[in-house]
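Reader: I am new to this structure and should be grateful for a close look at one part of it. Would you please choose a single region and describe, step by step, how it relates to its surroundings?

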Amino acid sequence: LSYDVYNLKTKYKFKVEKQSVNTMPKLCFQSFNYIGSKMKLLDFIKQSISDYTGKSYKDVSGFADICSGTGVVAFDVMRGGCNNIMTNDIQHYAYVVSSVWCKTGIDVDKIRGIINDMNTKLSEIDLQNVNVNLTTDDFFVYKYYTEAGPDGRLYLTRLNGYKTDIVRQNIEELYRIKKVNEKEYRLLLKLLLYAVASVSNIASVYGAYLKSYKKVALKNLVLNVDLLDNLVDNVKDNRRIEHTSHNKSIVELLDADDLSKYEVVYMDPPYVANRSYHDNYHVLETISRYDNPKLKGKTGLRDVVDTKSKFCSKRDAFEEFKLVLSKIKSKYMFISYSSESIVSKDKMMELMTTTGWTDVKCYEKEYQRFKSNKNSDEKQSKLVVEYIFCGKRN
């Protein structure tokens with residue numbers, strides 16, 4: 001039990017009551033810190049959607065999460081019984097991570113064997129017997145994100161950087177020779193991204209690396225095979241789960257599909273201008289794409305970025321929302337937003353009304369904002385208000 005005390009002379013009294021145990025299974029992964037993560041707000045989102053639609057997740061005929069991030073909301077909806085899910089994100093690493101939450105189309109036993117074999121090979125790697133040619137980019141992570149390279153970046157230890165390249169190349173080869181299908185390929189990539197995040201030498205995001213290795217960064221990179229046991233079964237409540245995924249901008253997605261076949265569309269766009277995902281997670285983006293991009297600056301940002309969002313622009317955000325909300329034709333629309341966001345609460349409700357949504361409503365909940373540094377000052381950890389804007393089509 002904890003409480004933020006601003007006046008140490010004030011006395012607080014608490015009454016602690018035992019609550020019934022929550023039998024809902026936990027999320028199935030060791031999450032990496034993610035800007036705007038809804039993990040702590042899943043119950044609030046679920047309750048808001050249920051209150052507005054009068055339906056539980058299992059009664060929703062289709063759910064589209066069009067700005068899915070790590071996919072925790074889509075996973076919670078799937079876990080709650082909805083069997084028709086769509087996820088989409090413009091960032092490639094987010095598309096990969098959010099695209100595999102159930103066992104549909106996956107040979108779990110085969111993937112388990114592949115992971116165990118990879119982990120065995122990783123445990124046998126000794127850098128003293130490794131000779132990497134740094135004049136080429138064959139081992140891109142090792143060369144550009146560890147101290148071994150010419151720029152001496154400390155995102156990963158030399159050993160973990162080398163292991164990342166080995167696993168990433170192995171995954172690509174398995175897909176090339178058709179040992180794994182598209183969904184199994186993305187599952188392996190997802191597990192690698194989690195593994196990398198768990199040993200990264202950063203404060204919280206990849207905007208910069210630490211000057212010396214922290215304790216967790218010195219651990220060995222290992223793929224967590226136990227995560228396979230927690231994927232949602234491909235059949236739930238006698239219904240086969242279908243999960244489609246896309247790696248597109250929202251406008252590009254809506255140009256091809258008005259989403260009218262999904263009863264509920266949920267949208268969690270970027271909130272503010274100074275928290276760009278393409279910069280804060282650029283290392284994961286490069287590992288996911290493995291496209292050997294040209295890097296720039298001390299921190300090695302991707303030189304060419306094609307994933308910038310207009311929702312992060314004070315100049316463009318309003319018009320982008322107007323365009324997107326006009327194109328979506330689902331029965332229900334839900335938007336997660338924040339009191340710190342570019343577009344104000346009143347403007348957002350006005351936008352929904354002018355783009356054809358009726359019975360517009362806003363649910364609110366206070367929560368602690370994302371910390372980009374666990375040692376940040378008091379201002380960084382202030383409470384903000386989470387909004388969920390709701391509307392429906394007649």
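Author: Let us begin with one residue, Glu364, which has a relative accessible area of 44% and is therefore partly exposed. The model in which this value was computed is a predicted one. The side chain of Glu364 meets that of Lys345 in a salt bridge, with 2.4 Å from N to O. Since Lys345 belongs to helix 12 and Glu364 to strand 10, the pair ties together parts that are 19 residues apart in sequence. Lys345 counts as partly exposed because its relative accessibility, 26%, lies between the limits of 20% and 50%.

This salt bridge leads to helix 12 itself, which comprises residues 345-354. Three of its residues are buried: Met348, Leu351 and Met352. Viewed down the axis of helix 12, these buried residues fall within an arc of 95 degrees, so they line one face of the helix. A general property of helices helps here: an α-helix has 3.6 residues a turn, so residues three or four places apart point the same way. On the other side of helix 12 are Asp346 and Thr354, both exposed.

What do the buried residues of helix 12 pack against? They pack against helix 11 (317-327) and against three strands, namely strand 9 (332-338), strand 10 (358-368) and strand 11 (383-392). Helix 12 is followed by Gly356, whose phi is positive, near 100 degrees.

The strands that receive helix 12 can now be placed in their sheet. Strands 9, 11 and 10 stand in that order at one end of an open sheet of 7 strands, whose full order is 5-2-1-6-9-11-10 and whose pairing is mixed. Strand 10 is an edge strand of this sheet, as is strand 5 (242-246), and each of the two pairs on one side only. From one strand to the next, the twist averages 15 degrees. Elsewhere in the sheet, strand 1 (residues 63-65) and strand 2 (residues 84-88) run parallel and are joined by 3 bridges. Phe63, for example, has Ile85 in strand 2 as its bridge partner.

Strands 10 and 11 are also connected through their side chains. Lys392 forms a salt bridge with Asp359, the closest N and O atoms being 3.8 Å apart. This pair links distant parts of the chain, with Lys392 in strand 11 and Asp359 in strand 10, 33 residues apart. Both partners are partly exposed: Lys392 has a relative accessible area of 31%, and Asp359 has one of 47%.

Helix 11, another neighbour of the buried face of helix 12, takes part in a salt bridge as well. Lys327 is paired with Asp255, and their closest N and O atoms are 2.9 Å apart. Lys327 lies in helix 11 and Asp255 in helix 8 (residues 250-256), so this pair ties together parts that are 72 residues apart in sequence. Lys327 is partly exposed at 26% relative accessibility, whereas Asp255, with a relative accessible area of 54%, is exposed.

These pairs belong to a total of 22 salt bridges. Some of the charged residues are joined in a wider arrangement, for Glu285, Arg289, Asp291 and Arg302 are linked in a network of salt bridges.

In summary, helix 12 turns one face, lined by Met348, Leu351 and Met352, inward. That buried set packs against helix 11 and strands 9, 10 and 11, while Lys345 of helix 12 is tied to Glu364 of strand 10.

Notes:
Residues are numbered from 1 along each chain as its sequence is written. This is a predicted model: local features need pLDDT of at least 70, side-chain atom pairs count only at pLDDT 80 or more; totals for chains, interfaces and linings use all residues. Side-chain values use heavy atoms; hydrogens and water are left out. Buried means under 20% relative accessible area, exposed over 50%, partly exposed in between (1.4 Å probe, protein chains only). Helices (H or I, at least four residues) and strands (E, at least two) are DSSP runs, numbered from the N terminus. The arc is that of the directions from the helix axis to the C-beta atoms. Contact means heavy atoms within 4.5 Å. A salt bridge is a side-chain nitrogen of Lys or Arg within 4 Å of a carboxyl oxygen of Asp or Glu. Two strands pair if DSSP finds at least two bridges between them. Axes are lines fitted to C-alpha atoms, for helices over the stretch in contact, and angles run from 0 to 180 degrees between N-to-C directions.
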